[in-house]
Amino acid sequence: MAARHQENVRENNADVEKKNNMAEKRFADSSKEDYLKTILKIIREKDKCRVIDISRQLNVTKASASIAVKKLEGAGLIWKEKNNLLLTEEGEKIAEKIYERGNFFEAWFEKIGIDEETAKEDACAIEHVLSEMTYSKVKEYVKNTEK
């Protein structure tokens, strides 16, 4: 009986650890995606992007932005040319996906009566968590109901 209880406790602890690891990964992925999306937006607005531009846009310290940039560079998602940050093909693909999702949800939320600030915040949150299949189905549904 005691052995079975210990086994249940071990299984429970393993489940909790797995969920915590998944939550940390989701947070890391959404942070990475926010930085990539921000770089994309800045490049579109200014034709160049520097670390200071990112820190201002995201309202983080220059040190925090520099750390994130180093991680993105290490992951092969951005590269530097002098002080200018550029997206690699993979980085641009991720940034475009998140940017498009955010714009879609923000516009839709506003269309259904959600105020601009809340729509922007909620769109930013939801753009990271939906699977591609769910996003495609929601987008298709909205498109079909707006005809």
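**Exercise 1: a hairpin.** Look at the hairpin of β1 and β2: which residue takes a positive phi, and how many residues lie between the strands?

*Solution.* Start at the turn: two residues sit between β1 and β2, and Lys 82 has a positive phi near 60°. Keep in mind that this is a predicted model. Next, check how the strands run: β1 (residues 78-81) and β2 are antiparallel, joined by four bridges. Finally, find a facing pair: Lys 80 stands opposite Leu 85 in β2.

**Exercise 2: the largest core.** Work out which elements supply at least two residues each to the largest nonpolar core.

*Solution.* First, get to know the core. It has 18 residues, and those touching the most other members are Leu 36, Ile 39, Ile 54, Leu 72, Ile 78, Leu 85 and Leu 87. Now for the suppliers: α1 (2-46), α2 (51-58), α3 (62-74), β2 (84-87) and α4 (89-111) each bring at least two residues. With five residues, α1 gives the most. As a bit of background, nonpolar side chains tend to be buried together in soluble globular proteins.

Then zoom in on Ile 54, one of the buried residues of α2. Skipping neighbours within four places in sequence, its contacts include Tyr 35, Ile 39, Val 69 and Leu 85.

**Exercise 3: Tyr 35.** Is Tyr 35 buried or exposed?

*Solution.* Step one is to place Tyr 35: this residue is in helix α1. Step two is the cut-off, since buried means under 20% relative accessible area. Tyr 35 has 9%, so it's buried. Step three is to see what's around: leaving out residues up to four places away in sequence, Tyr 35 touches Ile 54, Leu 58 and Leu 72, among others. Tyr 35 and Leu 58 are 23 residues apart along the chain, yet their C-alpha atoms are separated by 8.2 Å.

**Exercise 4: aromatic pairs.** What kind of pair do the rings of Phe 104 and Tyr 135 make?

*Solution.* There are seven aromatic pairs in the structure. For Phe 104 and Tyr 135, the ring centres are 5.7 Å apart and the planes meet at 85°, so this pair is edge-to-face. Phe 104 belongs to helix α4 and Tyr 135 to helix α6 (residues 132-145), so the pair ties together parts 31 residues apart in sequence.

Now try Phe 105 and Phe 109. Their planes are at 40°, so that pair is tilted. Both lie in α4, four residues apart, about one turn of the helix. To finish, gather the cluster: Phe 104, Phe 105, Trp 108, Phe 109 and Tyr 135 form one aromatic group.

Definitions and conventions
Residues numbered from 1 in each chain as written. Predicted model: local features only at pLDDT ≥ 70, side-chain atom pairs only at ≥ 80, totals over all residues. Heavy atoms only, no water. Core = buried A, V, L, I, M, F, W, Y, C linked by side-chain atoms within 4.5 Å. Buried < 20%, exposed > 50% of the residue type's maximum accessible area, 1.4 Å probe, protein only. Contact = heavy atoms within 4.5 Å. Pairing = 2+ DSSP bridges. Phe/Tyr/Trp six-rings, centres within 6.5 Å; stacked < 30°, edge-to-face > 60°.
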